[in-house]
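Thanks for coming. I will take a few minutes to go through one structure, from the whole chain down to single residues. Please have a look at it first.

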Amino acid sequence: MDNLEREKYSRQILLFGEEGQEKLKAAKVFVAGAGGLGSPVSTYLAIAGIGKIILADFDFVDPTNLNRQFLHHEKDIGRLKIESAKEKLLSMNPLIEVETIEEMLTESNIDSLVPQCDIIIDALDNLETRHILNRLSIKRGIPLIHGAVTGYDGQVTTIIPGKTPCFYCIFPRISRKEVFPVLGATPGVIGSIQVSEAIKFLTGKGKLLEGRLLFWNGLSGSFSEISLAKLNNCPVCGSINKKI
């Protein structure tokens with residue numbers, strides 16, 4: 001770490017030392033989605049000094065995105081989200097690396113598209129792709145930080161393969177994709193918590209949301225949580241759980 005980095009990250013170094021900051025610098029984090037959740041997630045990863053962010057999205061910026069997807073501006077309408085996002089992220093922190101994947105994640109391509117990484121962050125908006133991401137997480141043994149929003153509300157949990165319930169254990173059913181309402185600030189709350197979880201995991205600080213699903217109720221301004229249990233004979237993580 002050079003003097004520029006020491007100055008840039010000085011307030012964080014007070015929390016977890018230069019050793020912790022070096023861990024962030026060495027980290028590779030895969031972010032699925034460059035939209036509502038992907039904007040705060042990738043932004044806070046970038047300015048925290050995560051060494052490499054791998055960002056996947058295949059969609060284009062449209063006017064309906066702009067109330068919450070702050071990585072994209074009016075001038076970006078019609079551009080690929082990953083191009084717009086990469087430009088903004090590198091302008092905020094040119095000391096990091098941003099790799100982009102311009103494809104829809106599917107069961108047949110996810111294994112080849114997603115490189116080896118330290119953490120997977122779910123910044124998606126549909127259950128089908130989340131289940132695909134979950135299967136990759138379990139297969140490779142990579143922690144998955146799930147986040148979701150709708151309206152004023154959101155939720156977060158951290159999935160550790162072999163230790164916690166997987167995404168299928170929590171949400172075994174797949175619902176159809178639909179347009180849902182969302183307040184722009186809601187992804188900001190949830191995305192910030194997801195990044196906090198990632199940084200805690202990478203630096204070894206604090207207590208993760210392992211086996212817990214945290215809920216944010218924006219209308220009441222309150223948090224609550226429930227404990228999660230592994231699904232008996234889960235078709236995704238059942239075999240790995242038996243080995244542990």
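For a chain of 244 residues, a compact globule would have a radius of gyration near 18 Å, and this chain has 17 Å, so the two agree. Before going on, note that what you see is a predicted model. The C-alpha trace spans about 50 × 45 × 40 Å along its principal axes.

What is the chain built from? It has 9 helices and 8 strands. Of its 244 residues, 52% count as buried. Take the contacts between residues at least 6 apart in sequence: 66% of these join residues at least 24 apart. The area that the chain exposes is about 11,700 Å², and carbon and sulfur atoms supply 53% of that.

Now the charges. There are 28 positive and 28 negative ones, and their mean positions lie 6 Å apart. How many salt bridges does the structure hold? The count is 18. I will go through three of them.

The first on my list is between the side chains of Glu-5 and Lys-25, with 3.1 Å from N to O. Glu-5 sits in helix α1, which covers residues 3–8, while Lys-25 sits in helix α2, residues 10–26, so this pair ties together parts that are 20 residues apart in sequence. Is Glu-5 buried or exposed? Glu-5 counts as buried, because its relative accessibility is 8% and the cut-off for buried is under 20%. Its partner Lys-25 has a relative accessible area of 38%, which makes Lys-25 partly exposed.

Next on the list is Arg-6 with Glu-18, where the closest N and O atoms are 3.0 Å apart. Arg-6 belongs to helix α1 and Glu-18 to helix α2, so here the parts tied together are 12 residues apart in sequence. Arg-6 is partly exposed, at a relative accessible area of 31%. Glu-18 also counts as partly exposed, with 36% relative accessibility.

Then we move along the chain to Asp-76 and Arg-79. They form a salt bridge whose closest N and O atoms are 2.8 Å apart. Asp-76 is buried, and its relative accessible area is 0%. Arg-79, on the other side of the bridge, is partly exposed at 23%. Which residues are linked with these two in a network of salt bridges? The network consists of Lys-75, Asp-76, Arg-79, Glu-87 and Lys-88.

Last, back to the start of the chain. Met-1 is in the segment before α1. Its relative accessibility is 19%, so Met-1 counts as buried, given that the limit is 20%. What is Met-1 in contact with, once neighbours within four places in sequence are left aside? The residues are Arg-6, Ile-13, Glu-18, Gln-21, Glu-22 and Lys-25. We have met some of these names already: Arg-6 and Glu-18 form a salt bridge with each other, and Lys-25 is bridged to Glu-5. One distance to finish with: from Met-1 to Lys-28 is 27 residues in sequence and 17 Å in space, C-alpha to C-alpha.

To recap, the radius of gyration agrees with that of a compact globule, the structure holds 18 salt bridges, and two of the bridges I showed join helix α1 to helix α2. That is everything I have.

Technical notes:
Residues numbered from 1 in each chain as written. Predicted model: local features only at pLDDT ≥ 70, side-chain atom pairs only at ≥ 80, totals over all residues. Heavy atoms only, no water. Helix = DSSP H or I, 4+ residues; strand = E, 2+ residues; numbered from the N terminus. Rg over C-alpha atoms; globule rule 2.2 N^0.38 Å. Buried < 20%, exposed > 50% of the residue type's maximum accessible area, 1.4 Å probe, protein only. Contact = heavy atoms within 4.5 Å. Areas by Shrake-Rupley, 256 points an atom, 1.4 Å probe, with all protein chains shown as cover. Lys, Arg positive; Asp, Glu negative; His and termini not counted. Charge placed at Lys NZ, Arg CZ, Asp CG, Glu CD. Salt bridge = Lys/Arg side-chain N within 4 Å of Asp/Glu carboxyl O.
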